[in-house]
Amino acid sequence: MMDQGSEHRSAAVTEMPDELRRDVRLLGSLLGRVIAEQGGEDLLADVERLRKAVIAARRGEVTGDEIAAMVSGWEIDRAVEIARAFTCYFHLANLAEEHYRIRSLRRRDTEDAVQRESLAQAVEELGRERVAELVKDLELHPVLTAHPTEARRRAVATAIQRVSRELMEYNAPERGASERAETHRRLLEEIDLLWRTAQLRDTPLDPLDEVRTAMAAFDETLFRVVPQVYRSLDAALHDDEGAPVARPFIRFGSWIGGDRDGNPNVTAKVTREAIQIQAEHVLIALENACSRIGRALTASAQFTPPSPELRTALAAAVDHHPELVSELGTRSPREPHRQWLLFVAARIAATRRRDLDLAYRGAGELLADLRLAQDSLAKTAPRQAYGELQHLIWQVETFGFHLAELEIRQHSQVHAAALEEIRQGGELSERTEEVLATIRVIAWIQDRFGVDACSRYVVSFTRSADDVAAVYELASHAVGSRPLALDVVPLFESGEDLANSPRVLTGMLDIPQVQERLAATGRRMEIMLGYSDSAKELGPAAATLRLYEAQEQLTAWAAKHDIKLRMFHGRGGALGRGGGPANRAVLAQAPGSVAGRFKVTEQGEVIFARYAHMAIARRHMEQVTNAVLLASSATVGARTAAAAERFRPLAERVARASEEAYRALTEAPGFPEWFALVSPLEEIGSLRLGSRPARRGLGAPRSLDDLRAIPWVFAWAQTRVNLPGWYGLGTGLAAVDALEELQAAYAEWPLFNSLMDNAEMSLAKTDRTIAARYLALGGRDDFAEQVLEEYDRTRSLVLKVTGHKRLLENRKVLSRAVQLRDPYVDALSHLQLRALTVLRTGTPSDHERERLSTLLLLSVNGVAAGLQNTG
């Protein structure tokens, strides 16, 4: 008789598509071959023993104690190799699922069907006229942040990308037998190299490493996918091939190299170098695209005569740069449009080299030259005017010469301390000099790349308008009367700060520099909402409602003061930090708060999950834009407002009881110390996941305030508890004795639906049996029982409210992925528990401690790969 978990796993295996099963088996067999060659058949046999044991444990045929005994019986070095094997397997399994998702997206993209959650579907639902009106103010603004939860080394990520390319080639249907055999050989070669690549970093990351890592997403995907998204919108809005009606609405931001809150490694020098790295990448991309289009544009003047304006511009180019234009004319005789675009490409290259005689002074000049060619072609060759050349124009409009707006972030207390020093006079400290140097770098960036490259300054821990005014006062000390466009963005993070946010904004209206910026920007203002710290403080249910209420209040405040308010959502990758499906999160926002504008952080491993492949990136952007359009429509807004009004009292009761239960646990005496014992929190800092320290201050955390939200969530994921994603919700739901009303709220109110679905996902990634083994390490049975009882309560009530018989019943793809991974994550958890148990309760020698730490860190890396959205 199978237990419930094994039934679910069996169902998942049955549902596993043949294509996915084929790829997983292929990659797994090649990895097994490499392991046997490098480590011997006995290593592969031990890997298989553990794999079969954890699968049997899911069927109730083997106990956790028996698996623990097996794992403890291996030499530490053997356990390390087994952990490496399972980690590599997860990287390959993730890759197989990614390829299956890409194939599925392409299959669903048919001419006779409108894809769900696409731009075409938004136009179909709202109508062309309404969408065309909404597009005028439409803005999607993803902000990339550093990857402190991207546990893979860049070398490992690069190796996986090479395996991915070979797998794509191997599965290409047109491949002949000899080509397929050669691709199989290369696939084996790349997996061999993946196995030989060290999983752990030897040296800490610095912020510029993080900048370069983010550039991989731009180089591989973002630059090329943006015009495809615009083209999709344009195709949905009109049928002809003339001038496009879709305007560019995507803008990218970046905190990488600009976020110095709690990170002493981010300096003014780093910020300066970060924007230069970004500019280098975007200018190379623009030059290559312009050269490619120019070389291909072989239209003869006989059949495609240039406009008088283009003819005049070419003549002026001959006057100023006779040798260059003469060479281009020799290579492209009687091909004026080709000559012009190749000349433009040469100017982009000169801009990158800082050759001031030929360089563009700004992206606006480049756009003017491209539009000159487009206007000329439009008269006689409209397809050439509005084809690839239009894509290039969209790319310039989106990325400029800076790629992404570099945003600065610093803590309000740092500003207060700096101002106090300056007002007292005398010699300034190094930290205060650094604050002033940062502002001077902002001015330099604006001089070099324009205001759009860097003008936003986010103030963490904003408590009053004085915290905003402090930045403007510091700017006056840093640059004097030198022109500086500065939009200071208050960040509201705690529950109290969210509640007080309208009062702070009212105070900001009295600041002269804020008044100047409002006049200059058409009364536009930006504020930021912090998801991570509010969830860590209040628990998932109370934080969700508190954020919603803050958005309602801020929307009303903006209407009262005639402000076009953009809310910047600081969502993390994990569910405990505001993560989850982005499109559903948009639809769950308070009515009127979106208004065609959505700005959100993209952080952690989700950057590569969403932007590593063209098809996935395009689908993600279309889904989010679809949600922004729908959320901005009056019909959807009215429906959401009605649901919110009906179910608000119920949600408040859930939130109050949930927060009380959450605080009763996390604020109990001894809880921070217990958490440090039952999780690999201390060791996570050794993984060198990012350039920012894992905690504020030194030593074990004395309270949750000492701990950053990222390691808080990441460590709980490692224990298989996932507490930040669900704890307290069960008690909250139990406080409402109205199951039918809760079910109605789940069906009708997007906010409540999102809360329940995200909790369900967290619960699905929780393993009670293994979690209990971690919780026992802390020596506090009361805490362990409290956590497990709340898990049982939450799981039971979430299933009742959603009407599901099992977790993730309505999300087959995700359910299959979780259930198929679970046994292999179990294997790594048992390896991690072996190391953690000895490190916490034993007396290992220095050598044993070093090897056990390596085992623990490898298992952390592997569990992160297996669970995916972990931090």
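**Gln551, its helix, and two helix crossings**

Leaving aside its neighbours within four places in sequence, Gln551 is in contact with Leu529, Tyr531, Met567, His569, Gln589, Ala590 and Ser593. I start from that residue, and I should say at once that what you have in front of you is a predicted model. Gln551 lies in helix 24, and because its relative accessibility is 3%, where buried means under 20%, Gln551 counts as buried. Of the neighbours I have just listed, Gln589 deserves a second look, since the side chains of Gln551 and Gln589 are joined by a polar contact of 2.9 Å.

The backbone of Gln551 has a partner as well: its oxygen lies 2.7 Å from a polar atom of the side chain of Thr555. Thr555 is itself found in helix 24, which covers residues 540–560. If we set aside residues up to four places away in sequence, Thr555 touches Met567, Pro591, Gly592 and Ser593, and you will recall that Met567 and Ser593 are also among the contacts of Gln551.

Let me now turn to helix packing. Two packed helices are described by the angle between their axes and the distance between the axes, and I will take two pairs in that way.

In the first pair, the axes of helix 11, residues 268–296, and helix 19, residues 430–449, come within 8 Å and cross at roughly 20 degrees. Angles under 35 degrees count as roughly parallel, so helix 11 and helix 19 are described as roughly parallel to each other, and their crossing is right-handed. Helix 11 contributes Ala268, Thr271, Arg272, Ile275, Gln276 and Ala279 to the contact, while helix 19 contributes Glu434, Ala437, Thr438, Val441, Trp444, Ile445, Arg448 and Phe449. By character, the residues of this contact divide into eight nonpolar, three polar and three charged.

In the second pair, the axes of helix 10, residues 207–237, and helix 17, residues 388–399, come within 9 Å and cross at roughly 115 degrees. Since the range from 65 to 115 degrees counts as roughly perpendicular, helix 10 and helix 17 are therefore roughly perpendicular to each other, and here too helix 10 passes helix 17 in a right-handed crossing. On the side of helix 10 the contact is made by Phe218, Leu222, Phe223, Arg224, Val226, Pro227, Tyr230 and Arg231, and on the side of helix 17 by Gln390, His391, Trp394, Gln395, Thr398 and Phe399. The residues of this contact of helix 10 with helix 17 divide into eight nonpolar, four polar and two charged.

Note on methods: Residues numbered from 1 in each chain as written. Predicted model: local features only at pLDDT ≥ 70, side-chain atom pairs only at ≥ 80, totals over all residues. Heavy atoms only, no water. Helix = DSSP H or I, 4+ residues; strand = E, 2+ residues; numbered from the N terminus. Polar contact = N/O pair within 3.5 Å; in protein donor to acceptor, adjacent residues only side chain to side chain. Contact = heavy atoms within 4.5 Å. Axes fitted to C-alpha atoms, helices over the stretch in contact; angles between N-to-C directions. Parallel < 35°, antiparallel > 145°, perpendicular 65-115°, else oblique. Left-handed = near helix turned anticlockwise from the far one by under 90°. Nonpolar A, V, L, I, M, F, W, Y, C, P; charged D, E, K, R; others polar. Buried < 20%, exposed > 50% of the residue type's maximum accessible area, 1.4 Å probe, protein only.
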